[in-house]
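I opened my notebook to jot down what I looked up here. Have a look at the sequence and the structure before reading on.

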Amino acid sequence: MAESTMHQLTMVEALNLALCEALEHDPTVCLLGQDIGVNGGVFRVTKGLQERFGRGRVMDTPLAECGIVGAAVGMAISGLRPVAEIQFSGFTMQAFDQIEQNMARFRNRTRHRYPIRMVLRTPYGGGIRAVEHHSESREAYWAHTPGLKVVIPSSPRNARALLAAAIADPDPVIFYEPKLIYRAFREDVPDAPETLPIGRARIVLEGTDVTLIAYGAMLRRAREAADDLRDLDGTSVELIDLLSISPMDTQTIAESVRRTGRCVVVHEGPRTCGIAAEVIARINEHAFEHLLAPVRRVTGFDVHFPYFQTEEHYLPDPDSIARAVRETIAWDPTHRPR
Amino acid sequence: MKHGGTVRSSAARPGERAAVDGAGRTQAGANGQGPPAVKEAAAPVPFGRRSIDLVARDRPAAARAATLTGISILNESGIAHDALVPDLPPAEFLRIHRAMVLTRAFDGRMLNMQRQGQMGTFAPGYGQEATQIGQVWPLRAEDWFSPSYRSFGAQIVRGWTMDHLMLLWAGFHEGFAPPPGVNDLPFSIVIGSHLPLATGVAMGLTIQGRRDAVLVNFGDGASSEGAVHEAMNFAAVFTAPVVFVLENNGYAISTTLEHQTGQDILAARGPACGMPGVRVDGNDVFAVMTACREALERARSGGGPTLVEAVTYRMGVHTTADDPKVYRDDAEVEAWRARCPIARFEKWLVGRGLIDEAGVQAVTEACELEVLEARDRFRGRAVAHPEELFDFVYESLPEELREQREEYLARLRAKGVIDPAT
Ligand SMILES: Cc1ncc(C[n+]2csc(CCOP(=O)(O)OP(=O)(O)O)c2C)c(N)n1
Ligand SMILES: [Mg+2]
């Protein structure tokens, strides 16, 4: 592929680019959500798009999440490819009804007659000193819902490519945007359109001692832990970025764990029935005989996301991730479980 | 009113009554006699084509007269409709004034603290003081108040201390717990989700034979949420003693009323649900107080819910994370400056000889000082207790969560956040 020009973009800018390209190239694409038009979204992801594409395609909606998602499902039934924004993922709960009852199951209910080609974009996760209900990570709800795909990018470049793929996807996609890293760093993003396949994880670092699995904003923290482990302990970490929570790339996970024999899974959502639980189940199913130690998880706790004075203690950080990796490596196989 | 087993509107005018009855006969076939095959509608469709009055079946008077009223008592120039001014002792007018001034002082200090990094994201209420104070003024201590996040002025009147509210906005866990003796819900960040709670509290009060009422505050944006309609409809069906105060400040972040609703008179939702709708000048503290007092009295005496729409304007930012220049002109804000709820009330007070310029100045300074004292108390209390993370989730912590708690405390010890010996 010919080298195309690159631009250093933040994730917000990269997402804006993906939306702009989709609006430009596909007349059936339209955007709807609260404050996404004149205001360009509270995080400015849709900045300038209403000005450019008009109110007919970039719609400010009333303050009603259930209405936004329900209307988007209806638009998809009519033949459009809506991209709905829910201002904060905490407020997808207001739309749970429409997501679960219609968005996820309309294709099945109508035997393919009405596939729901739509994307629900929403910022999730903690660490930005936000008020209550603005920091949750509830991707597990949607991974638990048949009929949905769930995608979580971890960098500007993969955000742009995955959003393009999500919009083109024939099925409804929940697109969780890690707002902690919305503007945390820039990355080269090519001018030429790019997509990444939904359902594939990416090996970020190759390693031999332990597999470390993360996604979204936690990927950077896992990466920091991996660097520390290499520099301080000489540990070779294989770091996997899940990218797609559902469908999940079992193959990449299992192959890696078969090589390393050890694994730690990281996410910020609560532990019980979280994504790590699913990853561990798949490792049991596909790589059990290769395990040298129990798979560990570093996750949020089974409590409500704390108000922001306490949030940094709640979230996994490089130290807690590195500690879990060290315990996994130091695991004594003769140790008997309690 | 029962007529041969059918329920009829009692509020229809005579001329229409005939038509209604006519339609009823057509539908029922035998005007209440003969086979009871068709249950007649409570409000039958008139024969032919005509406009329909919004009247309900045998309901409490409030619901039957589900009307739409407008109230404005104190205008921008500080001139009052004398006959409508609440009948209060002079000292009480001054206390109302002080509460409004204190609200503004708190607002300004919070913005200042936010800019200095001592406060989290904050939603100021600059310009909405009349609605804030007027709505809760007629509440009794035994009544309940369910605020929204911009209701800090009302919360202060209800007995939330300012340092407590500062803790809340600064991200400390203590902040959301209502102070002892205050019958309030914590404010709701999830737009509209507190309205069904307010209705439920009101239903609970009635079931338990209490004669108290609930007042709930929400925004024009909130009015679009499904939960808000559900709450109002429940309240009407169960004749719940609840007053819905819709604080219409023209914006939901950047979203104007035009993009929020197809019917700008939001009070019209009241009659649509079977309760009176009252639209008041939200910058007129007398109008807000009057509408809320009447609604509360009706609620307490079994008359059911009321929707009060207070029309005001958000002079400042939505929150400290917002930039209104992106979506509105300064000129629009300037035009509202002339309608300042505090300035017009001060003019009226001065005109009545209840206060003079120096008095106003003294109140303003005293309020500033009170807020600074609250800030100092807040600073003394602004200590995070991360070790409490698990302590309020369940009545008693399930066994398996104790393990997680241990893991979490080990993390805090490793970070040196808590004493390694604990
Ligand atoms: C269910 C839900 N959706 C979205 C938000 C984000 N949000 C916070 S305030 C706000 C606007 C609310 O407008 P309005 O009800 O008019 O109250 P105002 O802010 O004007 O006081 C929005 C959309 C939220 N907090 N909760
Ligand atoms: Mg508003």
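My entries below cover a metal site, two helix contacts and a single residue.

**Entry 1: the magnesium site.** Before anything else, I noted that this is a predicted model. Then I asked which protein donors the magnesium ion (ligand 2) has. I found B:Asp220 (OD), B:Asn249 (OD1) and B:Tyr251, the last through its O atom. They lie 2.0 to 2.1 Å from the ion. Along the chain, I read the spacing of these donors as D-x28-N-x1-Y. I placed B:Asp220 in the loop between strand 5 (214-219) and helix 8 (226-237) of chain B, and B:Tyr251 in strand 7 (residues 251-252) of chain B, so this pair ties together parts that are 31 residues apart in sequence. Are B:Asp220 and B:Tyr251 buried or exposed? I looked both up: B:Asp220 is buried, and B:Tyr251 is too.

**Entry 2: helix 3 with helix 6.** Next I turned to chain B, where helix 3 (residues 90-115) packs with helix 6 (residues 162-169). I got an angle of about 35 degrees, and the axes are 12 Å apart. I put the crossing down as right-handed. Which residues meet there? From helix 3 of chain B I listed B:Leu102, B:Phe106, B:Met110 and B:Met113, and from helix 6 of chain B their partners B:Met162, B:Leu165, B:Met166 and B:Trp169. Sorting this contact by class gave me eight nonpolar residues, no polar ones and no charged ones.

**Entry 3: helix 3 with helix 13.** I stayed with helix 3 of chain B, which also packs with helix 13 (residues 341-351) of chain B. Here I noted about 155 degrees between the axes and 11 Å from axis to axis. Over 145 degrees counts as roughly antiparallel, so I wrote down helix 3 and helix 13 of chain B as roughly antiparallel. Their crossing is left-handed. On the helix 3 side of chain B, I found residues including B:Phe93, B:His97, B:Met100 and B:Arg104; on the helix 13 side, B:Phe345, B:Glu346 and B:Trp348 are among them. By class, I have ten nonpolar, one polar and two charged residues in this contact.

**Entry 4: A:Thr250.** Last, I moved to chain A and found A:Thr250 in helix 9 (residues 250-260). How is A:Thr250 classed, buried or exposed? I have A:Thr250 as buried, because its relative accessible area is 17%, and the cut-off for buried is under 20%. Leaving out residues up to four places away in sequence, I saw A:Thr250 touch A:Arg282 and A:His286. I also checked A:Ala201, 49 residues from A:Thr250 along the chain: their C-alpha atoms are separated by 8.7 Å.

Methods:
Residues are numbered from 1 along each chain as its sequence is written. Chains are lettered from A and ligands numbered from 1 in the order in which they are written. This is a predicted model: local features need pLDDT of at least 70, side-chain atom pairs count only at pLDDT 80 or more; totals for chains, interfaces and linings use all residues. Side-chain values use heavy atoms; hydrogens and water are left out. Donors are N, O and S atoms within 2.8 Å of the metal (3.2 Å for Na, K and Ca); water is not among the atoms, so sites may look incomplete. Helices (H or I, at least four residues) and strands (E, at least two) are DSSP runs, numbered from the N terminus. Buried means under 20% relative accessible area, exposed over 50%, partly exposed in between (1.4 Å probe, protein chains only). Axes are lines fitted to C-alpha atoms, for helices over the stretch in contact, and angles run from 0 to 180 degrees between N-to-C directions. A crossing is left-handed if the near helix is turned anticlockwise from the far one by less than a right angle, and right-handed if clockwise. Contact means heavy atoms within 4.5 Å. Ala, Val, Leu, Ile, Met, Phe, Trp, Tyr, Cys and Pro count as nonpolar, Asp, Glu, Lys and Arg as charged, and the others, Gly among them, as polar. Angles under 35 degrees count as roughly parallel, over 145 as roughly antiparallel, 65 to 115 as roughly perpendicular and the rest as oblique.
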